[in-house]
Each structure stands twice: as structure tokens, then as C-alpha cells.
Amino acid sequence: MKNPNHAVVLCYNVSSSKSAKLKAACIKMGIRVKDIAREQFTLPLGHILGLAEYADAAPTDEAPFQSEMLVFYQFAEPQLDRLLPEIRKAGGVRLKAVVTPTNISWNACALVRELMAEREAIAKNQQAHDPQA
């Protein structure tokens, strides 16, 4: 990566109209946006981000997913707080994640599975605690 201290948004399956709005907002904030090609979905996030320790990572044999997803790397909390409303204005993206020491070695397919499992667990928990259920 050219500037490892610079915030980056990785975009997976984001529509071109939504992507254009997102990129415009990011440019104003000095945030880089990277559209990820389907053939890169099975590479670790660290490889996509150009980190040397993941340079030799091989893709896994998984089918690409269809969901839109944004992955945030090296964001300061205020940057993320300013960007999230812009994402909603652009049309919203349901699946969002921040790169962590745990998930940096995961590929996007694994990350989507984890995010979907978390959403399902939250929905079940809300349903269990909903007095009208």
C-alpha cells in the first residue's frame, strides 16, 4: 500500500450509481475507495490492502457472494462517523465491517458469512425480547 496510514474503503458488489456517490463523498474527506473485482473476493483482506505479509496469499475455492459490502481500513472514529451518513444518502449498504487484527486474514466470503451470522443472531435476540412476538 502506498500510504499505510490512509483510510480506505473496500467496495464489494456496490452498484455503479451508489459507488459514484460514495466516491464523491470519500474524495471530499480524503478517503480512498477501492472497487474489488469478483475474482479477488477469495483473497485475504490483507492481500487486497497490499500488506506485505499477505503478498503470497492464494485465493480460496469459494463462490463469490452477491451482497453489497463495504470494508473500512485504518479509519479514525470521527472519519467513520462522518462517512456513515453519506453512505445512507448514497442509498445505503447493509453489510459493513472494519478491518481488525482477527479478520485481516479472512477473505470477503468469510467476512460476509460472519456478518450474516451476526445479523441473524441479533434478529433472533430481538425477536426473543420483543414483547409482541
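**Cores, helix packing and selected residues in a predicted model**

Asn103 sits in the loop between β4 and α4. The structure described here is a predicted model, and this loop residue makes a convenient way in. With a relative accessible area of 7%, Asn103 is buried. Beyond the residues up to four places away in sequence, Asn103 touches Leu45, Val98 and Leu111. Two of these names return below, as Leu45 and Leu111 also appear among the contacts of Val71.

The nonpolar interior comes next. The largest nonpolar core has 24 residues, and those with the most contacts inside it are Leu10, Tyr12, Phe65, Met69 and Val71. Two or more residues of this core are given by each of β1 (8-12), α2 (45-48), β3 (69-73), β4 (95-98) and α4 (108-129). The largest share, 5 residues, comes from α4. Val71 offers a good view of how these parts meet: with neighbours within four places in sequence left aside, Val71 is in contact with Val8, Val9, Leu10, Tyr12, Leu45, Ala97, Val99 and Leu111. Another core, of 15 residues, lies apart from the largest one, and its members include Val9, Leu22, Ile31 and Phe75.

Leu70 is a residue of strand β3. Its relative accessibility is 0%, so Leu70 counts as buried. Along the chain, Leu70 and Leu10 are 60 residues apart, yet their C-alpha atoms are separated by 5.6 Å. Leu10 is also on the contact list of Leu70, which, without neighbours within four places in sequence, further holds Val9, Cys11, Val14, Leu22, Ile87, Val93, Leu95, Lys96 and Ala97. Of these partners, Val9 and Leu22 are among the members of the 15-residue core, while Leu10 is one of the residues with the most contacts inside the largest core.

The packing of two helices can be described in some detail. Helix α1 (residues 16-29) and α3 pack with their axes 10 Å apart, at an angle of about 155 degrees. Because this angle is over 145 degrees, α1 is roughly antiparallel to α3. The crossing of the two helices is right-handed. On the α1 side the contact is made by Leu22, Ala25, Cys26 and Met29, and on the α3 side by Gln79, Arg82, Leu83, Glu86 and Ile87. By character, the residues of this contact divide into 6 nonpolar, 1 polar and 2 charged. Leu22 and Ile87, one from each helix, both touch Leu70 as well.

Leu84 also belongs to helix α3, which spans residues 77-89. With a relative accessibility of 25%, Leu84 counts as partly exposed. Leu84 touches Phe72 and Lys96 when residues up to four places away in sequence are not counted. From Leu84 to Cys11 the C-alpha to C-alpha distance is 14 Å, and the two are 73 residues apart in sequence.

Val33, in strand β2 (residues 32-36), has a relative accessible area of 25% and is partly exposed. Outside the residues up to four places away in sequence, Val33 touches Val9, Cys11, Lys23 and Cys26. Cys26 is one of the α1 residues that make the contact with α3. Another residue of that contact, Leu22, is 11 residues from Val33 in sequence and 8.3 Å away in space, C-alpha to C-alpha.

Finally, two loop residues deserve a look at their backbone. Asn13, in the loop between β1 and α1, has phi near 60 degrees, a positive value in a residue other than glycine. At 24% relative accessibility, Asn13 counts as partly exposed. Gln74 lies in the loop between β3 and α3, and its phi, near 55 degrees, is likewise a positive value in a residue other than glycine. Gln74 is partly exposed, its relative accessible area being 31%.

Notes:
Residues numbered from 1 in each chain as written. Predicted model: local features only at pLDDT ≥ 70, side-chain atom pairs only at ≥ 80, totals over all residues. Heavy atoms only, no water. Core = buried A, V, L, I, M, F, W, Y, C linked by side-chain atoms within 4.5 Å. Buried < 20%, exposed > 50% of the residue type's maximum accessible area, 1.4 Å probe, protein only. Helix = DSSP H or I, 4+ residues; strand = E, 2+ residues; numbered from the N terminus. Contact = heavy atoms within 4.5 Å. Axes fitted to C-alpha atoms, helices over the stretch in contact; angles between N-to-C directions. Parallel < 35°, antiparallel > 145°, perpendicular 65-115°, else oblique. Left-handed = near helix turned anticlockwise from the far one by under 90°. Nonpolar A, V, L, I, M, F, W, Y, C, P; charged D, E, K, R; others polar.
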